Each structure stands twice: as C-alpha cells, then as structure tokens.
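Q: Please take one part of this protein and look at it closely, residue by residue. Then set that part against the rest of the chain.

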Amino acid sequence: MKADRAGAILALALGFLLISQGGKLPSGKEGAPGPGFFPVWIGVGLMALSLILLIRPSGGQKVGDLLPRGNEAVRVAWVLVALILYAALLKPLGFIIATFSLFLILLQFYRRGRWWVAVALSLAAVLGSYWLFARFFEMPLPEGLLAL
C-alpha cells in the first residue's frame with residue numbers, strides 16, 4: 001500500500017473518531033462554543049483533507065519505506081518509552097516536574113549539547129506552558145509532589 005493512501009485512511013478514521021466523540025459533547029450556545037465544537041470541526045476538516053488525499057493520484061513511496069530502521073528505530077523506541085513514562089508519571093510527579101524531565105531528556109537525546117542550555121530551555125518551556133495553561137487559560141494541571 002502506498003504511504004499517502006495509508007496516511008489518508010488513518011486520518012479519515014481519526015476524523016471519524018473526533019466527530020463521533022465530539023458529537024457526544026455539548027456544542028455550546030451562539031457565540032460561546034462548547035467542548036464538542038472544536039473536536040467536531042477539526043474532525044470534519046481532517047476528513048475533508050483525507051478524502052482529497054485519497055482522490056488525488058498516489059505518490060511513489062510505500063509504507064515500508066517510511067518506517068525507521070536500525071539506529072533510527074532505536075531512537076524512535078526510546079522517545080516512545082519517554083512519552084509513556086511521562087504519561088504514567090504526570091499525575092504522581094506533577095506537571096512541572098514531569099514535563100521538565102521530559103523536555104530535558106528529549107533535548108539531551110536529540111541535541112547532545114551543553115547541559116545548562118538544555119536545563120534553561122526546559123525550564124523556560126515548562127514555566128511558559130504552565131503560565132499559559134494554568135494561569136491564562138485557568139486549566140487545572142496535576143500538582144503532584146509540589147502540592148505537598
């Protein structure tokens with residue numbers, strides 16, 4: 001199977017999932033979208049773009065050509081392990097500690113630069129995202145160890 005066809009089918013399925021799950025949520029009132037508004041419309045857009053990708057002539061790459069091999073596959077596996085650990089440790093450690101650790105690990109894993117640069121970038125990204133979500137959008141984030 002060609003890679004663009006496989007991607008279009010996966011995106012079509014994801015769009016359908018977004019529409020079906022978003023449809024179960026309230027869509028909101030006029031002038032104030034509810035929690036179901038954006039998932040439904042993102043799903044509609046995703047399905048429309050997927051259909052365009054399915055209709056147009058396919059490219060030459062096969063799915064097997066896109067899969068990582070050798071050292072690339074090991075690097076992808078390590079990133080997946082880091083993301084799974086992040087998801088598992090987010091609640092017990094809290095947003096700030098878990099996200100800082102994830103950023104630091106990924107920056108060192110891919111950049112292999114100086115530690116102080118990775119620490120500074122991780123700290124800036126975590127504090128910026130914490131301010132954006134917890135303070136500006138007023139979203140509750142897991143406090144974890146910092147709640148003590």
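**Helix α5 and its setting**

A: Q108 sits in helix α5, which covers residues 95–110. The model is a predicted one, and every value below is computed from it.

Start with Q108 itself. Its relative accessible area is 13%, and a residue is called buried when that value is under 20%, so Q108 counts as buried. Setting aside residues up to four places away in sequence, Q108 touches G113, R114, W115 and A118. Two of these partners can be placed by number, because helix α6 spans 115–136: W115 and A118 belong to that helix.

T99 is another residue of helix α5. T99 has a relative accessible area of 4% and is therefore buried. With residues up to four places away again left out, its contacts are Y86, L90 and V126. Of these, V126 falls within the 115–136 range of α6.

I96 also lies in helix α5. At 26% relative accessibility, I96 counts as partly exposed, the class between the 20% and 50% limits. Beyond its neighbours up to four places away, I96 touches V126, Y130 and L146. V126 thus appears in the contact list of T99 and in that of I96. I96 also gives a reference distance across the model: its C-alpha atom is separated by 34 Å from that of L66, and the two residues are 30 positions apart along the chain.

Next comes R111, which is placed in the loop between α5 and α6. R111 is partly exposed, with 48% relative accessibility. Apart from neighbours within four places in sequence, R111 is in contact with V117 and L121, and both numbers fall inside the 115–136 span of α6. In the other direction, the C-alpha atoms of R111 and G28 are separated by 44 Å, with their positions 83 residues apart along the chain.

After α6 the chain continues into a further segment, and E138 is found there. The phi angle of E138 is near 55°, a positive value in a residue that is not glycine. E138 counts as exposed, at 66% relative accessibility.

Now the rest of the chain. The protein has six helices and two strands, and from the N terminus the elements follow the order α-β-β-α-α-α-α-α. The radius of gyration is 20 Å, well over the 15 Å that the globule rule gives for 148 residues, so the protein is more spread out than a compact globule. Along the principal axes, the C-alpha atoms fill a box of roughly 50 × 50 × 25 Å.

Burial and surface can be read for the whole protein too. Of its 148 residues, 18% count as buried; Q108 and T99 are among them. The exposed area is about 10600 Å², and carbon and sulfur atoms supply 73% of that area. Among contacts with a separation of 6 or more, 60% are made by residues 24 or more positions apart.

Helix α2 offers a second site to set beside α5. M47 is found in α2 and is partly exposed, with a relative accessible area of 21%. Neighbours within four places aside, M47 is in contact with L12, G15, F16 and I19. Those four numbers fall within helix α1, which covers residues 3–22. M47 and A73 are 26 residues apart in sequence, and their C-alpha atoms are 30 Å apart in space.

Charge is the last point. The protein carries 13 positive and 6 negative side chains, and the centres of the two sets lie 8 Å apart. Side chains of opposite charge can pair when their charged atoms come close. With a limit of 4 Å between nitrogen and carboxyl oxygen, the count is one salt bridge. That bridge joins the side chains of D4 and R56, at 3.9 Å from N to O. The pair links distant parts of the chain, 52 residues apart: D4 is in helix α1, while R56 is in the loop between α2 (37–55) and α3 (63–66). D4 counts as buried at 14% relative accessibility, whereas R56 counts as partly exposed at 42%.

How values were computed:
Residues numbered from 1 in each chain as written. Predicted model: local features only at pLDDT ≥ 70, side-chain atom pairs only at ≥ 80, totals over all residues. Heavy atoms only, no water. Rg over C-alpha atoms; globule rule 2.2 N^0.38 Å. Buried < 20%, exposed > 50% of the residue type's maximum accessible area, 1.4 Å probe, protein only. Contact = heavy atoms within 4.5 Å. Areas by Shrake-Rupley, 256 points an atom, 1.4 Å probe, with all protein chains shown as cover. Lys, Arg positive; Asp, Glu negative; His and termini not counted. Charge placed at Lys NZ, Arg CZ, Asp CG, Glu CD.
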